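Reader: I would like a close look at a single helix and at the packing around it, with every cut-off stated as it comes up.

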Amino acid sequence: MAYRSTIGSDPINFVAYFPISYASSPLGILPYLILVDKVTQNICISIRGTVGFSDLVTDLLSSPKNFNRQVSPWSLDQIRTLTGRDSEEMYAHEGIVSSARALLEDLKKVGIYEAIQHLSGPISADADLLSPESSYNEPQIKEFDAMEEEEQMEFSTSRAIALIQHAIHGQQYGLVITGHSLGAAVSSIIGAELIEIFPSLRCLSYNPPGGLVNDTFRAISESFCTSIVVGQDVISRMSMQTMKRVIDDMMFALGTCYRPKLSILLDTLVGRYVNASAAPHVFKPFESIDPDVREVLQQYLARAQLHQKDVDTMPMYPPGRIIFLRPYGNLTKNSKDITWDAVWIHAQDLMDEGILVSKRALSHHLLGQGMVALEKALESCRQRDGGQRA
């Protein structure tokens with residue numbers, strides 16, 4: 001059941017927030033909320049990332065899906081501008097396309113989509129607006145306050161729409177759509193649809209999946225989407241191709257490693273060789289390995305080539321332009337003491353580097369770690385620019 005509400009405000013930062021939906025289903029709608037930021041004068045749609053099993057199902061259905069028939073006329077115009085051709089195939093992660101369509105339909109169902117259409121220009125003083133007072137249901141709010149943690153109830157979204165309208169009454173507001181991980185992926189797909197009715201839309205994708213869109217859609221999304229990728233984050237580097245490279249590297253490493261695997265595991269767990277240059281040599285040349293092991297590796301490579309046609313080899317990338325937050329300095333220190341900076345990188349370079357097997361591969365994907373890295377990168381930019389606001 002969709003849990004819809006219109007509650008909450010932060011008068012200090014002049015932000016009003018409206019949780020619109022807490023519903024979550026495989027290949028379906030994700031929880032999202034609407035924020036009215038009066039400081040930056042933006043309406044923000046924020047989409048939640050992976051949390052439960054239903055989200056995991058969406059993540060795992062990663063086969064590229066052609067969605068040319070579902071894209072907006074704006075996207076088709078962009079194809080003609082970028083390629084000079086009237087048509088170009090666009091592919092994206094199947095599960096995420098499905099979730100994006102479901103969320104977009106929900107935006108239309110509850111009236112948020114129609115409200116967004118009016119954001120592209122100021123609302124006139126004599127416009128027919130919904131009244132926040134008339135849509136306020138005090139008994140229902142009291143019932144909500146008395147609910148247990150696991151209970152659910154449904155609120156009308158008319159109050160959310162009314163408060164959005166009155167927040168921007170007579171002013172020019174922007175539209176930002178954002179999310180983290182799965183939410184980042186969905187936001188970039190939805191952005192390509194919403195930009196049709198709101199040309200100045202901006203999308204901010206935090207740690208989006210690497211195997212999300214093909215190069216055609218990636219190039220189109222650069223005009224409205226910016227992705228933030230943190231350090232060694234495994235999700236933003238993951239695709240069918242990079243996963244296969246990791247598996248191939250693991251097989252080759254197993255075949256050429258002459259140290260006992262248990263010794264290597266124990267060294268890693270206890271942090272015996274923090275400095276990699278001090279660790280004992282692990283691998284031997286391919287021509288020096290045992291003939292039986294060499295034969296096994298050759299058979300593996302032959303089978304991999306044989307089944308290559310069964311694996312989708314279409315290159316897939318994160319969306320938009322990419323800001324890469326990179327840690328530097330002594331990375332063995334406490335994570336709070338690591339220095340970060342920000343650089344632009346190309347999606348192709350990120351996917352060419354691929355998955356980095358590291359204990360930070362998962363921690364760098366966490367939203368909290370990303371926010372710390374981003375704030376420190378902004379501070380580095382301010383210092384480099386002489387203390388000016390980044």
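**Helix α7 and its surroundings**

Author: Helix α7 is mostly covered, with 13 of its 13 residues buried, where buried means under 20% relative accessible area, exposed over 50% and partly exposed in between, with a 1.4 Å probe and protein chains only. This is a predicted model, in which local features need pLDDT of at least 70 and side-chain atom pairs count only at pLDDT 80 or more, while totals for chains, interfaces and linings use all residues. Residues are numbered from 1 along each chain as its sequence is written, and side-chain values use heavy atoms, with hydrogens and water left out.

Helices (H or I, at least four residues) and strands (E, at least two) are DSSP runs, numbered from the N terminus. The 13 residues of α7, 182-194, reach 18 Å from the first C-alpha to the last, close to the 18 Å expected at 1.5 Å a residue, the expected span being 1.5 Å times one less than the number of residues.

In the largest nonpolar core (buried Ala, Val, Leu, Ile, Met, Phe, Trp, Tyr and Cys residues joined through side-chain atoms within 4.5 Å), which has 47 residues, those touching the most other members include V186, I190 and L194. Among the elements that give two or more residues to this core are α7, β4 (42-47), α3 (94-110) and β7 (174-180). Leaving aside neighbours within four places in sequence, L194 is in contact (heavy atoms within 4.5 Å) with I45, L104, Y113, I116, I177 and L201. A second, separate core of eight residues includes Y206, I228, V230 and W340.

Elsewhere, L262 has its place in helix α10 (residues 261-270), and L262 counts as exposed because its relative accessibility is 57%.
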